[in-house]
Amino acid sequence: MAKSTTSVWRTFGIITVTLAVIIFYGTAITLFGMTLVSRLAVIGAAIGFSALTALVFWRKWRRITGTQNAVINVICHLIAITGLFLALILGVNYFGRNTSDSVTVRAEIVKVYSETRHRMKRVARNRYTQGEPYKVYFMDVRLPDGRECKRSVSLQRYNHYARSNYRRSERPDSVDLFLTKGALDMTIIERESNK
């Protein structure tokens, strides 16, 4: 009876931690796309913080991993807590910003392009293959300070910028971006209204 109860709680812990890690990394990836910052510096800081906490908390992972092996427990801690710190650092910066201090800058359009991606197609139980293709649209822009960033754009905006060459009209060479300083002094590119 005690073993089955422990097994249920361990399974619950594994599922909870796995879902939390997926949410942490998903949040971090989303916020990285909106923040102008050196990714290496933020990832390095998150790994450093998680390594410091690993010295104290790695033993707590024994209940979830089911092993006394310190290396496995430290690796699990580093993976999970790095995602937590990434989401915390970028989240505090993003949600603590003052949107009334937004500045509009004119960014030069470097390149407008599309990428082809493929959906997953289920062919049998537990078997997937590459499905039908679909396109996603991007624009590389250069800010006045020389930094470049990749922006996702809608099909309508892509057509406006890319197809003007075919119509022999003047292609727009710049776009307005709304920049805001975050709470941790990392610049955030605000989302544009759909135009």
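Me: What makes E2 and E3 a pair of strands?

Reply: Two strands pair if DSSP finds at least two bridges between them, and 14 bridges join strand E2 (residues 103-124) to strand E3 (residues 127-142), so they pass. They run antiparallel, with Ser114 standing opposite Tyr137 in E3. A strand here is a DSSP run of E with at least two residues, a helix is a run of H or I with at least four, and both are numbered from the N terminus. One caution: this is a predicted model, where local features need pLDDT of at least 70 and side-chain atom pairs pLDDT 80 or more, while totals for chains, interfaces and linings use all residues. Residues are numbered from 1 along each chain as its sequence is written, and side-chain values use heavy atoms, leaving out hydrogens and water.

Me: How do you know that E5 pairs with E2 and with E6?

Reply: Count bridges again. Six of them join E2 to strand E5 (residues 174-181), with Ser174 in E5 as the partner of Glu108. Three join E5 to strand E6 (residues 187-189), and there Lys181 partners Thr187 in E6. Both pairings are antiparallel. E5 and E6 form a hairpin with five residues between them, and Asp185 in the turn has a positive phi of about 70 degrees.

Me: Why are E1 and E4 called edge strands?

Reply: The open sheet has six strands in the order E1-E6-E5-E2-E3-E4, with antiparallel pairing. E1 (35-36) and E4 (148-153) each pair on one side only.

Me: Why is the Phe49 and Phe85 pair called tilted?

Reply: Rings of Phe, Tyr and Trp (its six-membered ring) pair if their centres lie within 6.5 Å; planes under 30 degrees apart are stacked, over 60 edge-to-face, the rest tilted. For Phe49 and Phe85 the centres are 5.5 Å apart and the planes at 50 degrees, so tilted it is. The pair links helix H2 (residues 39-57), home of Phe49, to helix H4, home of Phe85, across 36 residues of chain. The whole structure has five aromatic pairs.

Me: Are Phe49, Phe85 and His77 buried or exposed?

Reply: Buried means under 20% relative accessible area, exposed over 50%, partly exposed in between (1.4 Å probe, protein chains only). Phe49, at 43%, is therefore partly exposed. Phe85 has 18%, so it counts as buried. His77, with 3%, is buried. His77 is found in helix H4.

Me: What makes the side chain of His77 a polar contact for Ala54?

Reply: A polar contact is a pair of N or O atoms within 3.5 Å; within protein, one must be able to donate a hydrogen and the other to accept it, and sequence neighbours count only if both atoms are side-chain atoms. The backbone nitrogen of Ala54 lies 3.3 Å from a polar atom of the His77 side chain, so the distance fits.

Me: How do you know that Arg97 lies over the face of Tyr94?

Reply: The rule wants NZ of Lys or CZ of Arg within 6 Å of the ring centre and within 35 degrees of the ring normal. Arg97 lies over the face of Tyr94 at 4.0 Å from the ring centre. Lys150 does likewise over Phe138, at 4.3 Å.

Me: Why is the protein chain called more spread out than a compact globule?

Reply: The globule rule is 2.2 Å times the number of residues to the power 0.38, with the radius of gyration taken over C-alpha atoms. For 195 residues the rule gives 16 Å, and the chain has 22 Å, well over that, so it is more spread out.
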